[in-house]
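Here is a short report for a reader new to this structure. Start with a look at the sequence and the fold, then read on.

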Amino acid sequence: GADPSGFVIPELGGQTLEPDSLEGLLFPSTYFLAEGTDAETLIQLQLDTMGSKTADLPWENTEALGITPYEAVIVASMIEKEARVPEERPRVAAVIYNRLEAGMSLGIDATTRYALKKWTDPLTKSDLEVDSPYNTRRVKGLPPGPIASPGLDALRAALEPEEVDFLYYVLIDDEGHHF
């Protein structure tokens, strides 16, 4: 992600963030820009939009979930990459929190894809053993930062996970549904 110094970073849930990168904080949307607008202006617009679009989310839930608002963005980024079906996002969030609470590794392949910058090809056995803090099969806990820019639905799911005790989910069809 881009270097955050030189940009105004949005507050999330009233907390000032001091991220090492802008990854996950550039709000995904359609932006209409004047011709000749520079990248810095767009980046700041995306950061400002992250702050304004997420201001009404239930950030106060982070305390009960045992995470910071920035960690909620990390969780949301994994949900964004893992759950294509919107109504399944709160359930995927629950699995992530349940695994963290149980002291299990998250085992989220999207984090390993992020580590390797390998977005489409099948992951190999050696890929899954990559030595990276983003390899959530090997390293317990959350990865050090977001792996994508989460949308509003993924952020809401990270803050309002479904109340289920599931520890696993499995992709069951080509449309992205999970069991």
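The accessible surface of the protein comes to about 9,900 Å². Carbon and sulfur atoms hold 50% of that surface. This is a predicted model, so every value here is computed from predicted coordinates. Of the 179 residues, 44% count as buried.

Charge is part of the picture too. The protein carries 14 positive and 31 negative charges. The mean positions of the two groups lie 9 Å apart.

**Overall build**

The protein has 6 helices and 0 strands. From the N terminus on, the order is α-α-α-α-α-α. The radius of gyration is 16 Å, close to the 16 Å that the globule rule gives for 179 residues, so the protein is as compact as a globular protein of that length. Along its principal axes, the C-alpha trace spans about 45 × 35 × 30 Å. Among contacts with a separation of 6 or more, 63% join residues 24 or more positions apart.

**The core**

In soluble globular proteins, nonpolar side chains tend to be buried together. Here, the largest nonpolar core has 41 residues. Which of them touch the most other members? They are L25, W59, V75, M78, I79 and I96. Five helices each supply at least two residues of this core:

| Helix | Residues |
|---|---|
| α1 | 39-53 |
| α3 | 69-82 |
| α4 | 89-101 |
| α5 | 109-116 |
| α6 | 152-159 |

The largest share comes from α3, with 8 residues.

L25 deserves a closer look. Neighbours within four places in sequence are left aside here. L25 is then in contact with I9, L12, L17 and P19. Its contacts also include Q46, L47 and M50. Y70 and V73 complete the list.

**Helix α5**

Which residues of α5 are buried? They are A110, T111, T112, R113 and Y114. The buried residues of α5 pack against α3. After α5 comes K117, whose phi is positive, near 55°.

**Near the start of the chain**

D3 sits in the segment before α1. Is D3 buried or exposed? Its relative accessibility is 51%, and exposed means over 50%, so D3 counts as exposed. R113, by contrast, is one of the buried residues of α5. D3 and R113 are 110 residues apart along the chain. Their C-alpha atoms are separated by 22 Å.

Terms used
Residues numbered from 1 in each chain as written. Predicted model: local features only at pLDDT ≥ 70, side-chain atom pairs only at ≥ 80, totals over all residues. Heavy atoms only, no water. Helix = DSSP H or I, 4+ residues; strand = E, 2+ residues; numbered from the N terminus. Rg over C-alpha atoms; globule rule 2.2 N^0.38 Å. Buried < 20%, exposed > 50% of the residue type's maximum accessible area, 1.4 Å probe, protein only. Contact = heavy atoms within 4.5 Å. Areas by Shrake-Rupley, 256 points an atom, 1.4 Å probe, with all protein chains shown as cover. Lys, Arg positive; Asp, Glu negative; His and termini not counted. Charge placed at Lys NZ, Arg CZ, Asp CG, Glu CD. Core = buried A, V, L, I, M, F, W, Y, C linked by side-chain atoms within 4.5 Å.
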